[in-house]
Amino acid sequence: MNTRLTRTLTSVTFGLAMLCGLAFIGTGITHLLDDGDICVQSEFWRNAALAPGGLPVGKGVEAYSSAARLCQHSPSAGQRAADLGIELPWLLFSALALLLFSRLLEGVVKQGPFTETVARRLSVLGWFVAVGTPLTGLVTGWSQSWLVDSMAPIVGSGPTVSGPLVLVLAGLAAVVMGRIMREGVRMREDLEGTI
């Protein structure tokens, strides 16, 4: 399936993977060299009522806050690490997922869509997305929760998961499709061997 669209998509996907990788490296370096304030948003006060007269609202309307933004002047090394833990995991996850997808498309271009290589690469991509999404979300959520707790101890911290967990379903679907493709390849090879 060596079409122009597939070749272009392979190149674009590889380019996006490299771009996410560079963003990962650049963000890490700039955060390590930065000595400014660190800010984090907390939804602990999500349903807290705002002070009367705080917002110009109509009669019978109550205003509630949606989030609080906390900023730390002269943050500690742990707070800087937690700040990196909020931003870097999703960049790394995106770079690796796009790289695996690019390799999948490369296999389609070189050997065709219904081969053992493509089925294996689809399964690897599926497992990476299915397992990597909650792990990345856990690292990000816990980093944010810990950073909020280090700035406002009354909030409390605990393991939370953030991010689009619906990707787990997409990953599991890719694993199942990889299995189906692998069985199809084996059946085709058996048929070719009997003819």
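Reader: What percentage of the 195 residues in the chain is buried?
Author: The model is predicted. Residues count as buried under 20% relative accessible area. On that criterion, the buried share of the 195 residues in the chain is 33%.

Reader: In what order do the secondary-structure elements of the chain run from the N terminus on?
Author: The chain comprises 4 helices and 2 strands. Read from the N terminus on, the order of these elements is α-β-β-α-α-α.

Reader: Which residues of strand β1 point to one face and are buried?
Author: In a regular strand the side chains alternate between the two faces of the sheet. Strand β1, residues 38–42, shows such alternation. Cys39 and Gln41 point to one side and are not buried, while the buried residues on the other face are Ile38, Val40 and Ser42.

Reader: Which residue in β2 stands opposite Cys39?
Author: Strand β2 spans residues 68–72 and pairs with β1 in the antiparallel sense, over 5 bridges. In β2, the residue opposite Cys39 is Cys71.

Reader: Is Thr13 buried or exposed, and what is its relative accessible area?
Author: Thr13 belongs to helix α1, which covers residues 4–33. Leaving aside neighbours within four places in sequence, Thr13 is in contact with Leu98, Phe101, Ser102 and Leu105. Since buried means under 20% relative accessible area, Thr13 is classed as buried, with a value of 4%.

Reader: Where in α2 does the kink of about 35 degrees lie?
Author: Helix α2 runs over residues 77–111 and reaches 49 Å from its first C-alpha to its last, close to the expected 51 Å. The helix nevertheless has a kink of about 35 degrees, shortly before the proline Pro89. The residue at which this kink lies is Glu87.

Reader: Which residue follows α2, and what is the sign of its phi?
Author: Helix α2 has 35 residues. The residue that follows α2 is Gly112, and its phi, near 100 degrees, is positive.

Reader: How many residues apart are Glu106 and Lys110 in helix α2?
Author: Glu106 and Lys110 form a salt bridge, with 3.4 Å between the closest N and O atoms. Glu106 is partly exposed at 25% relative accessible area, whereas Lys110 is exposed at 64%. An α-helix has 3.6 residues a turn, so residues three or four places apart point the same way. The two partners are about one turn of helix α2 apart, a separation in residues of 4.

Reader: Against which helix do the buried residues of α4 pack?
Author: Helix α4 covers residues 167–194 and reaches 41 Å, close to the 40 Å expected. Its buried residues are Gly171, Ala174, Val175, Gly178, Met181, Arg182 and Val185. The helix against which these buried residues pack is α3.

Reader: How far apart in sequence are the parts that Glu116 and Arg182 tie together?
Author: Glu116 forms a salt bridge with Arg182, and their closest N and O atoms are 3.1 Å apart. Glu116 lies in helix α3 and Arg182 in helix α4, so the pair ties together parts whose separation in residues is 66.

Reader: What is the N to O distance in the salt bridge of Arg186 and Glu183?
Author: Arg186 and Glu183 are 3 residues apart in helix α4, about one helical turn. Arg186 is partly exposed, with a relative accessible area of 40%, and Glu183 is partly exposed, with a relative accessible area of 40%. Their side chains meet in a salt bridge at an N to O distance of 3.2 Å.

How values were computed:
Residues are numbered from 1 along each chain as its sequence is written. This is a predicted model: local features need pLDDT of at least 70, side-chain atom pairs count only at pLDDT 80 or more; totals for chains, interfaces and linings use all residues. Side-chain values use heavy atoms; hydrogens and water are left out. The expected span of a helix is 1.5 Å times one less than its number of residues. The bend at a residue is the angle between axes fitted to the seven residues ending there and the seven starting there. Buried means under 20% relative accessible area, exposed over 50%, partly exposed in between (1.4 Å probe, protein chains only). Two strands pair if DSSP finds at least two bridges between them. Contact means heavy atoms within 4.5 Å. A salt bridge is a side-chain nitrogen of Lys or Arg within 4 Å of a carboxyl oxygen of Asp or Glu.
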